[in-house]
Amino acid sequence: MIKQFPQDFLWGGATAANQFEGAWNVDGRGPATSDTARAVAPEERKTMGSEFSSPMTREKLEYALNDKKGLYPKRWGSDFYHRYKEDIALYAEMGFKTFRLSIAWSRIFPKGDEKEANEAGLAFYDKVFDELNKYGIEPLVTLSHYEFPIHLVTAYGGWKNRKVIDFFVHYAETVFKRYKDKVKYWLTFNEINIIGMTGYLSGGLLFEDGKLNLQEMYQAAHHQFVASALATKAGHEINPDFKIGCMLARMQAYPATCNPDDVMEEVRKDHENLFFSDVQVRGKYPSYAKRFFKENGIELEIADDDLEILQDYPVDFMSFSYYMSSLARKKKSDEETAGNLILSEPNPYLQASDWGWQIDPVGLRITLNKLYDRYQIPLMVVENGLGALDKLEEDGSVHDQYRIDYLKSHVEQMYEAIEDGVDLIGYTWWGCTDLVSASTSEMSKRYGFVYVDADDQGQGTFNRSRKDSFFYYKNLIATNGASVLND
Ligand code: BG6
């Protein structure tokens, strides 16, 4: 029997406006939090991007917006704004069934709180969706991916302010109505659980005392939950065929030993991570949240209808990012390695990427099983990939066998998970075209099947070329996985 994926499996790639589009001040787009993310020097890489996770203050924000000398690579990204036709043609050549992108909120509402939308911003995404449609590629659209209009930070204090719910829902309704016949799959908030680290970037939170304020963080998350549920309600009213999902940064952890204390630490870590999808999928706060809130002095302000709204409008499907796994140990170890958004001690059974992320394909199968056991709704892997240093050959090729190996091993494990009974509906490789890193704002941390000729300083032609992995993925999609699973 030939092994293959289900017939309508959605193969594709994923990007985000803040890292890919560039054109940060073009056609009326307003400034967003991502525009103030400074590039991180290579020696800071393994401790995560400082601008990504460090508390942002009003002073630093003002400085960044007026800074003429610093490097802010997300402002130019990979110039998808001007090269979308060429990029989409390359996705069509690879045979993509879907393409994940995000809409930049401040392109549609430059300040975030306007009544009238910016027509030039809306028209841009019309052109992008029409181009995708031309090739039969289904768009998968994130409404909020690591950027947030700056005006909503300075005038309202970000997501801790309840008023932002209305602004977001107005934004969501505007794009739902405009693109109701062009887009079917939507995600509300990218990696909603990462608000603890990206409090400023995605939550618009300023931490004046330099510390993460748990009360504000969970209040902001509560407002995002309600906003997401209200957007889901509105979306279904506008087009009942819409499929609206949540998006979690999945942190798969293993107990470091069989010491029950370490096993309990893994349970605790899972609670910390799955708290967010528990609310969005099950429509209510999980039982373990009560103790956590009490012990951390968190008292949420919950308006009268909020809990009903969460209950009545859960998501249609669950999506998540998966790059790596980590270890859970009650007593902390001194040795830690980097990872997407977390530090973990190294797992002796795993290899790590150039950036210290521990590569664990079996962990993806474990996670898929775990999530499906828990939620029993369709799942989609909307980010997975390898950030690596690539070498461009003179003829424009890149021999990225390491990326091919990463892809192959993860695809094999997804197949196993489907065989295990998991309802997995799609897979979008992160950064299918090279783009600016979210955490470090480097260009040299490349994920793409398509190379972009630009360096960390934004120098280069920005021309695109095909890496070896481009042809590998093309063949994989053409055979619906058979080329990988039966070789
Ligand atoms: C995810 C984000 O956390 O990881 C993406 O949703 C991000 O925006 C991706 O780019 C990879 O992380 P990084 O820091 O290597 O770009």
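How far is an oxygen atom of the ligand from a polar backbone atom of A438? In this predicted model, the separation between the ligand oxygen and the polar backbone atom of A438 is 2.7 Å. Two side chains also place polar atoms at short listed distances from the ligand: an N or O atom in the side chain of N190 is 3.0 Å from a ligand oxygen, and a polar side-chain atom of S437 is 3.2 Å from an oxygen atom of the ligand. On its own, the ligand has 380 Å² of accessible area, of which the protein covers 98%.

The ligand is surrounded by 15 residues, and those that come nearest are E191, A438, S439, K445 and Y447. Sorted by class, this shell comprises seven nonpolar, five polar and three charged residues.

A further result concerns the packing of two helices. Helix α4, spanning residues 80-94, packs against helix α15, spanning residues 468-478, at an angle of about 55 degrees. Their axes lie 8 Å apart. Because angles between 35 and 65 degrees count as oblique, α4 is oblique to α15. On the α4 side, the contact is made by L90, E93 and M94, while α15 contributes F470, Y473, K474 and I477. The classes represented in this contact are five nonpolar residues and two charged residues, with no polar residues.

Note on methods
Residues are numbered from 1 along each chain as its sequence is written. This is a predicted model: local features need pLDDT of at least 70, side-chain atom pairs count only at pLDDT 80 or more; totals for chains, interfaces and linings use all residues. Side-chain values use heavy atoms; hydrogens and water are left out. Axes are lines fitted to C-alpha atoms, for helices over the stretch in contact, and angles run from 0 to 180 degrees between N-to-C directions. Helices (H or I, at least four residues) and strands (E, at least two) are DSSP runs, numbered from the N terminus. Angles under 35 degrees count as roughly parallel, over 145 as roughly antiparallel, 65 to 115 as roughly perpendicular and the rest as oblique. Contact means heavy atoms within 4.5 Å. Ala, Val, Leu, Ile, Met, Phe, Trp, Tyr, Cys and Pro count as nonpolar, Asp, Glu, Lys and Arg as charged, and the others, Gly among them, as polar. A residue is near a molecule or strand if one of its heavy atoms lies within 4 Å of it. A polar contact is a pair of N or O atoms within 3.5 Å; within protein, one must be able to donate a hydrogen and the other to accept it, and residues adjacent in sequence count only if both atoms are side-chain atoms. Accessible areas come from the Shrake-Rupley method with a 1.4 Å probe; for residues, only the protein chains shown count as cover.
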